[in-house]
Amino acid sequence: MKPVYIINGFLDSGKTDFFRYTIAQPYFRTKGKTLLIVCEEGENGYEAKLLKSTNTILETIEDEEDFTLEKLQELDKKHDPERILIEFNGMWDFRKIELPSTWNKEQQITMINCKTFEMYYTNMKSLLVEHIRNSDMILFNRCDGMNEKLPTYKRNVKAVNRQCDIIFENMNGEVDVTLDEDLPFDLKADPIDLNNYGYGMFYLDALEHVDRYEGKNVRFKALVAKPPEFKGKRFVPGRLSMNCCAQDMQFLGFACDCDEIDNYEEKSWVELTARVEKEYVEEYQGEGPVLKALHIKPCKEPAHPIVDFTMPIMED
């Protein structure tokens, strides 16, 4: 199988600079040809000297309707490369990509210009979500002078793709960004009360920093989910999250052990007070937050049932 590295993002997000840097590195100069497929023309190009010295063949696909499986198979047969780099056009529909059967997507990276993230997030959210959804790494560049906004950007990306690595870079290198300063609840409270916005932040933060919640009690309103793979008294309390449209709903919840769960139906609303513990859970494929119910009671659907990651909703 031939490894494929895909980089996507909107114009002026730094895709070309990233690939130029990558193919110039000694670790990337292995035997065989590299096929570089470029799908849009940016301000910076690829120098002929660089392509020649790295045994890289550049092919351009200018129109979206030409980016087909047949075209990719034709390029594979023509050049027989050892590896393939694809600089994808950020305005094209990423869901339509179909790779030849002998190609294997090794890594997908989304490049984001920090200066224009809010504009694209506001006006082209559905496209941006598709960039982020299946990427292994999200790289924000040009973050100089924007440190206060970076935790919000990280939160919005994690809401779409909880498994990806997120890197922020300014002119001096990487910027360390945590969600600590943005937590909308008191970590010292007992229990920690979580409204709509607070639950979303708790969910994302506990995935990364379960140790800070271990042994603490939380209280929130949740939908009851009973996945068939969970046996006995285990269920999943959680909330729905919408990233861009109603068809894009995700359920955000943690495993919870509760002796009384048989009294509650699937999709019913409950108010849950639970202790957070860290355990190995097979469904997590590793350690993660597990809730131990201390008190549960039925409740009405809250006024704002959908998790909102973009702006706080104070009442619940």
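**Exercise 1. Find the partners of β4.** Four bridges join β1 to β4, and these two strands run parallel. Work out which residue of β4 stands opposite Tyr5, which strand besides β1 pairs with β4, and how many residues of β4 are buried.

*Solution.* Keep in mind that this is a predicted model.

- Step 1: start on the β1 side. Tyr5 stands opposite Leu85 in β4.
- Step 2: look for another partner. Strand β2 (residues 34-38) pairs with β4 in the parallel sense, over five bridges. Leu35 has Ile84 of β4 as its bridge partner.
- Step 3: sort the side chains by face. In a regular strand, side chains alternate between the two faces of the sheet. For β4, one side carries Arg83, Leu85 and Glu87, the other carries Ile84 and Ile86, and all of them are buried.
- Step 4: put it together. β4 (residues 83-87) has five of its five residues buried, so the rest of the structure largely encloses this strand.

**Exercise 2. Do the same for β6, then follow the chain onward.** Identify which strands pair with β6 and what handedness the crossover from β6 to β7 has.

*Solution.*

- Step 1: check the cover. Five of the five residues of β6 are buried, so to speak a mostly covered strand. Met137, Leu139 and Asn141 sit on one side, with Ile138 and Phe140 on the other, and both faces are covered.
- Step 2: take the β5 side. β5 and β6 run parallel and are joined by five bridges. Here Met111 stands opposite Leu139 in β6.
- Step 3: take the β7 side. Strand β7 (residues 165-170) pairs with β6 over four bridges, again in the parallel sense. Phe140 stands opposite Phe168 in β7.
- Step 4: trace the connection. The chain goes from β6 through α6 to β7, and this β-α-β crossover is right-handed.

**Exercise 3. Place Asp165.** Say which strand holds Asp165, how far its C-alpha atom is from that of Asn141, and which residues beyond its sequence neighbours it touches.

*Solution.*

- Step 1: Asp165 belongs to strand β7.
- Step 2: Asp165 and Asn141 are 24 residues apart along the chain, and their C-alpha atoms are separated by 14 Å.
- Step 3: drop the neighbours within four places in sequence, and Asp165 is in contact with Asp136, Met137 and Ile138. Met137 and Ile138 are on opposite sides of β6, and both are buried.

**Exercise 4. Unpack the cover of α5.** List which residues of helix α5 are buried and name elements that cover them.

*Solution.*

- Step 1: α5 spans residues 125-133, and its buried residues include Leu128, Val129, Glu130, His131 and Ile132.
- Step 2: the cover over these buried residues includes three strands' worth of names to look up: β1 (2-8), β5 (103-113) and β6 (137-141).
- Step 3: helices contribute too, with α4 (117-123) and α6 (150-160) among the covering elements.

**Exercise 5. Check the unusual backbone spots.** Find where the cis peptide bond is, and decide whether Arg142 and Lys267 are buried, partly exposed or exposed.

*Solution.*

- Step 1: the peptide bond from Asp190 to Pro191 is cis, with omega near 0 degrees. Pro191 lies in the loop between β8 (173-175) and β9 (192-193).
- Step 2: Arg142 isn't a glycine, yet has a positive phi of about 55 degrees. Its place is in the loop between β6 and α6. With 30% relative accessibility, Arg142 counts as partly exposed.
- Step 3: Lys267, also a residue other than glycine, has phi near 70 degrees. You'll find Lys267 in the loop between β13 (256-257) and β14 (269-281). Its relative accessibility is 66%, so Lys267 counts as exposed.

**Exercise 6. Zoom out to the whole chain.** State how many helices and strands the protein chain has, what share of its residues is buried, and how far apart the centres of its positive and negative side chains lie.

*Solution.*

- Step 1: count the elements. The protein chain has seven helices and 16 strands.
- Step 2: get the dimensions. Along the principal axes, the C-alpha atoms fill a box of roughly 70 × 45 × 35 Å.
- Step 3: look at burial and surface. Of the 316 residues, 50% count as buried. The accessible surface is about 16200 Å², with 47% of it belonging to carbon and sulfur atoms.
- Step 4: look at contact range. Among contacts with a separation of 6 or more, 71% come from residues 24 or more positions apart.
- Step 5: finish with charge. There are 40 positive and 58 negative side chains, and the centres of the two sets lie 1 Å apart.

Note on methods. Residues are numbered from 1 along each chain as its sequence is written. This is a predicted model: local features need pLDDT of at least 70, side-chain atom pairs count only at pLDDT 80 or more; totals for chains, interfaces and linings use all residues. Side-chain values use heavy atoms; hydrogens and water are left out. Buried means under 20% relative accessible area, exposed over 50%, partly exposed in between (1.4 Å probe, protein chains only). Contact means heavy atoms within 4.5 Å. Accessible areas come from the Shrake-Rupley method with a 1.4 Å probe; for residues, only the protein chains shown count as cover. Lys and Arg count as positive and Asp and Glu as negative; His and the chain ends are not counted. The place of a charge is taken as NZ of Lys, CZ of Arg, CG of Asp or CD of Glu. Two strands pair if DSSP finds at least two bridges between them. A crossover is right-handed if, with the strands pointing away from the viewer, the path from the first strand over the helix to the second runs clockwise.
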